[in-house]
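Here is a short report for a first look. Two places are covered: a single site, then a pair of helices.

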Amino acid sequence: MDTGELDPATVLRRIAYLLERASAETYRARAFRTAADTAERLGIDELRRCAAIGTLTDLAGVGKRTAGVITDVLAGRVPDYLAGLERDAARPVATGGETIRAALQGDLHLHSDWSDGASPIQEMLTAAAELGHRYLALTDHSPHLTVAHGLTAGRLREQLAVIAELAAVGGDAEDGAGAGDRGVRSPIRLLTGIEVDILEDGALDQDPALLDRLDVVVASVHSKLRMSSAPMTRRMITALADPHVDILGHVTGRLITGDRGTRPESEFDAGLVFEACAHFGVAVEINCRPERLDPPMRLLREAVEIGCLFSIDTDAHAPGQLTWQPYGCARAQEAGVPLDRIVNTWSVADLLAWTHRRAS
């Protein structure tokens, strides 16, 4: 990357993005984003003054490594740290499923800093537009997941107002024109949504009247994951029968790697759950997060045989994680998922006709 026309904040955010893409620890990417906020707030002249007197590391959120990046950019040099990350980023995150990836038009499960995501809505939207998405569904958590700062009914209403403002600033079109970062037009449409908790009795953790207003509802189990099979199966099927639900998120809840450790699959009757998905027209999510890769291949193949719809989603909590869809595409190809059964290969008009099919 030629940094000659770039400012330190832009370079720091690029490093954070590449760290997120590479599944680096969350704190590392956050450190660069925090430093970027400081650099942007102070401006080039003040940064130059601090660099000249050696006080960059005295600035809030600026450490030794981020100060080194700022110094390099101010001197017109490409930081070695950035150069190494760019070399790594030249390689695809996963191979296989390229035809599926080319057909995808959007991502239907991601989070912003309204819940437990790392970045504002605008940054997520801009990153998605740069990846070529035509639409993006914002699906922050619901209130039961307090650890993720889930959205109460009041905060969800506030978010819907913000999304409406973004659409008004950036424009809106049936097949994709939406709002980009800082009001810049980009060929993408921001859809309203939520990742709603499936409560212990199968109820959904949000006001039904608000769920009526959303474009996309992802329903996921986040609590009491070790329930025995029979009650877990009832819990999931009860949720799937709710006409608001469009996508069953990270089906088994497993964790196979990552800084949160590992977690086994929840126990449930997969055949009955997938039959319910097919019956009610709910898509099974192929979750692309490297620590999830959910559902496991044997269950993914079973869902294909039963005739389910699918949605290949990153469950991104930061802009760089939006690049993770190839993980799911490779697994979808391996499992033989038909392209026309992947809902986020559909146009936005067809997608919304499907998501509003039962709630209307």
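## Around H141

Leaving aside neighbours within four places in sequence, H141 is in contact with ten residues named here: H111, S115, D116, A148, G150, L151, I194, E195, H222 and H317. The model is a predicted one.

Where does H141 lie? H141 sits in the loop between β2 (135–137) and α8 (153–170). Is H141 buried or exposed? H141 counts as buried, because its relative accessibility is 4%, and buried means under 20%.

Two of the contacting residues, D116 and E195, appear in the list above. Their side chains also make polar contacts with the side chain of H141, as the table shows.

| Side-chain pair | Polar contact |
|---|---|
| H141 and D116 | 3.4 Å |
| H141 and E195 | 3.4 Å |

D205 is a further reference point for H141. The two are 64 residues apart in sequence. In space, they are 9.5 Å apart, C-alpha to C-alpha.

## Helices α10 and α11

Now the helix pair. Helix α10 covers residues 229–240, and helix α11 covers residues 270–280. They pack at an angle of about 5°. Their axes are 10 Å apart. The angle is under 35 degrees, so α10 is roughly parallel to α11.

Which residues meet? From α10 come T233, M236, I237 and L240. From α11 come L272, V273, A276, C277 and F280. By class, this contact has eight nonpolar residues and one polar residue. It has no charged residues.

Definitions and conventions. Residues numbered from 1 in each chain as written. Predicted model: local features only at pLDDT ≥ 70, side-chain atom pairs only at ≥ 80, totals over all residues. Heavy atoms only, no water. Axes fitted to C-alpha atoms, helices over the stretch in contact; angles between N-to-C directions. Helix = DSSP H or I, 4+ residues; strand = E, 2+ residues; numbered from the N terminus. Parallel < 35°, antiparallel > 145°, perpendicular 65-115°, else oblique. Contact = heavy atoms within 4.5 Å. Nonpolar A, V, L, I, M, F, W, Y, C, P; charged D, E, K, R; others polar. Buried < 20%, exposed > 50% of the residue type's maximum accessible area, 1.4 Å probe, protein only. Polar contact = N/O pair within 3.5 Å; in protein donor to acceptor, adjacent residues only side chain to side chain.
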